[in-house]
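Got your viewer open? Let's take a walk through this model, one selection at a time.

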Amino acid sequence: MTRPSRPPAIRVRPPRELRRQRRGRAHSCWDHLIAAPLWPLHGANLGTLLRTCDAVGACLAVPRFPWVPAALERGNTLRRPACVHWVNDPVGWLERARGAGTRVVGVELADEAVRLADLPAARTRTVAVLGHERHGIPAEALDLLDEAVEIPMVGDGSSLNVAVAGSLVLYKLAGLL
């Protein structure tokens, strides 16, 4: 005996419906929330972080290392151009941003760090600084942070990769978590 067919309890929205609900075109530079992996180690993570930037309406600031454009292209699956700020001098760029009133939040294990759950959403222009995946944010940039945020971890690792850490912090700063 066959059972009558019934729709699933959870309806998954098809891509066409999702596209209609979201913005009709790529966002230009809103200059409100910027993910800044200024000392990247692994290229594939940059393209992943760029996709998160698109998802939350943020921009990406990256150094002009010769390998970075190819890394962004390789990991980026977006069909439209994303907002990328090219940075020649990371410390100088952070100094100028902070001097102009930008809130600078560093993702770092520090005594003064707030837990990710307690991080308030960005109400003013905010840069989320992500350090080197092994060494963190360089000492010369630590004094440029207005605050540090820590992502709680219960395992043995001491850090997440830059794409995962940046994505968590960006969603929180965007007010989407």
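Before you click anything, a quick word on pairing: two strands count as paired if DSSP finds at least two bridges between them. Keep in mind, too, that this is a predicted model.

**Stop 1: a pair of strands.** Select residues 103–107, which are strand β4, and residues 147–150, which are strand β7. These two pair in the parallel sense, over 3 bridges. Now show V105 and look across to β7: the residue standing opposite is E147.

**Stop 2: the other neighbour.** Keep β7 on screen and add strand β5, residues 114–115. Here 2 bridges do the joining, and the strands run parallel. Pick R115 and you'll find E150 of β7 opposite. If you wonder what holds such neighbours together, strands of a sheet pair through backbone hydrogen bonds.

**Stop 3: the whole sheet.** Colour every strand. In what order do the 7 strands of the open sheet come? Reading across, you get β3-β2-β1-β6-β4-β7-β5, with parallel pairing. Go to the edges and you meet β3 (84–87) and β5; each has a single partner strand, so one side of each has no neighbour in the sheet.

**Stop 4: helices on the sheet.** Select residues 44–56 to bring up helix α2, which packs on the sheet. Helix α2 touches β1 (33–37), β2 (59–63), β3 and β6 (126–130), and its direction makes about 155 degrees with that of β2. Next, select residues 162–173: this is helix α6, lying across β1, β4, β6 and β7. Its run is at about 160 degrees to β6.

**Stop 5: a pocket.** Switch on a surface and head for the second largest pocket, which holds about 340 Å³ of space. To find its centre, select V107, E108, S158, S159 and L160, the closest to it of the 20 lining residues. Both β7 and α6 give two or more residues to this lining. By type, the lining has 9 nonpolar, 7 polar and 4 charged residues.

**Stop 6: step back and check confidence.** Zoom out to see the full chain, with its 6 helices and 7 strands. Colour by pLDDT: the chain averages 88, and 92% of the residues score at least 70. Where is confidence lowest, and where is it highest? Helix α1 (residues 15–21) is lowest with a mean of 72, while β6 is highest at 98. Where pLDDT is low, don't read the predicted coordinates in detail.

Technical notes
Residues numbered from 1 in each chain as written. Predicted model: local features only at pLDDT ≥ 70, side-chain atom pairs only at ≥ 80, totals over all residues. Heavy atoms only, no water. Helix = DSSP H or I, 4+ residues; strand = E, 2+ residues; numbered from the N terminus. Contact = heavy atoms within 4.5 Å. Axes fitted to C-alpha atoms, helices over the stretch in contact; angles between N-to-C directions. 1 Å grid on protein atoms, 1.4 Å probe; cavity = no way out; pocket = protein on both sides within 12 Å on 5 of 7 lines; lining within 4 Å. Points joined across faces, edges and corners; volume = space filled by probe spheres on them. Nonpolar A, V, L, I, M, F, W, Y, C, P; charged D, E, K, R; others polar. pLDDT = per-residue confidence, 0-100.
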